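User: I'm new to this one. Could you walk me through how to read it?

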Amino acid sequence: MRWVDDFIAVDWGTTNRRAYRIDASGHCVDEFEDGKGVLSVSSGAFPSAVSEIRERLGNLPLLLAGMIGSNRGWHEAPYVPCPAGIDDLAQALVWAGEREAIVPGVSYIGHDRADVMRGEEVQVLGAAAAGLVGHDAMLCHPGTHNKWVQLRHGAIHNFGTVMTGELFSLLKTHSILADLLEGPVEPSDAFKNGALHALESGLLPAQLFGVRAGVLLDQMKKEDAASYTSGLLIGTDVRIGMTWPLAARIAIVGRPELTRLYAMAVELAGHEAIEIDGEQCFLAGVRQIAERIHK
């Protein structure tokens, strides 16, 4: 017997959460987003935080993904090792209650390295399930910790993480560049130049200090510093991504303000990029998982 017809899907991250009410036809009929990520919820307060979601979207079963399943979240959902597909995630759900299921993350161990993801797996596998990417594809999932993901036969075969978003945040708040990075980041000529410089040389630590020197010596406008620095970081990220076995086209999954920057850098590196909305992929992924729950 199928689990439920209507349910609430939650993408619960470190700093924010997004919740969606899914009806029997699989459509999202209501949603909200707030800043109540797992780090803002004390260890004993998750039941209350879950009740808040139901108060806003209805008294329905919940399918929870992301950092809510980490050791800092509500209940830890152990990682599923690669290769991992939708069926593997559905079989490894952790039940926090009778009507609250938590999606596990995915892990990789091999070639003298280890890696983990939580939350991105739902979007990546959702993209494949919805036909937005092929079952054998290369994906880039930008965010605080960008992921380069290899899909084979519709499953996550291998992946690697680059801490690009977190590095930019640290530079913006705790570095000598902080006062130069207050402006917006745009896919401008400054961003393009930063990405090209990173792709061509790979000398990131030296190039970062060059931002400060460039502004001090009137070689760079202060208002361009944030975009140029972001270009350096994302260009370096893409340079790392180019070391992977790449498909003819790289799918970039996430929020539009990030995917457009990565798409520009990928195209500067000589590859075709396609941008895919991460929310659409998440909803496709959770629908596939929900259909596999029999309880």
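User: What radius of gyration would a compact globule with 295 residues have, and what does the protein have?

Analyst: The radius of gyration is taken over C-alpha atoms, and the globule rule is 2.2 Å times the number of residues to the power 0.38. For 295 residues that gives near 19 Å, and the protein agrees with its 20 Å. By the way, this is a predicted model, where local features need pLDDT of at least 70, side-chain atom pairs count only at pLDDT 80 or more, and totals for chains, interfaces and linings use all residues. Residues are numbered from 1 along each chain as its sequence is written, and side-chain values use heavy atoms, leaving out hydrogens and water.

User: What share of the residues is buried?

Analyst: Buried means under 20% relative accessible area, with a 1.4 Å probe and protein chains only. Here 52% of the 295 residues are buried.

User: How many aromatic pairs are there?

Analyst: A pair of aromatic rings is described by the distance of the centres and the angle of the planes. Rings of Phe, Tyr and Trp (its six-membered ring) pair if their centres lie within 6.5 Å; planes under 30 degrees apart count as stacked, over 60 as edge-to-face and the rest as tilted. The structure holds two such pairs. W12 and F46 sit edge-to-face, with 5.9 Å between centres and 65° between planes. W12 is in strand β1 and F46 in helix α1, 34 residues apart; strands (E, at least two residues) and helices (H or I, at least four) are DSSP runs, numbered from the N terminus.

User: And how is the pair of Y20 and F282 arranged?

Analyst: Their ring centres are 5.8 Å apart with the planes at 40°, so this pair is tilted. Y20 and F282 are both buried.

Definitions and conventions: Buried < 20%, exposed > 50% of the residue type's maximum accessible area, 1.4 Å probe, protein only.
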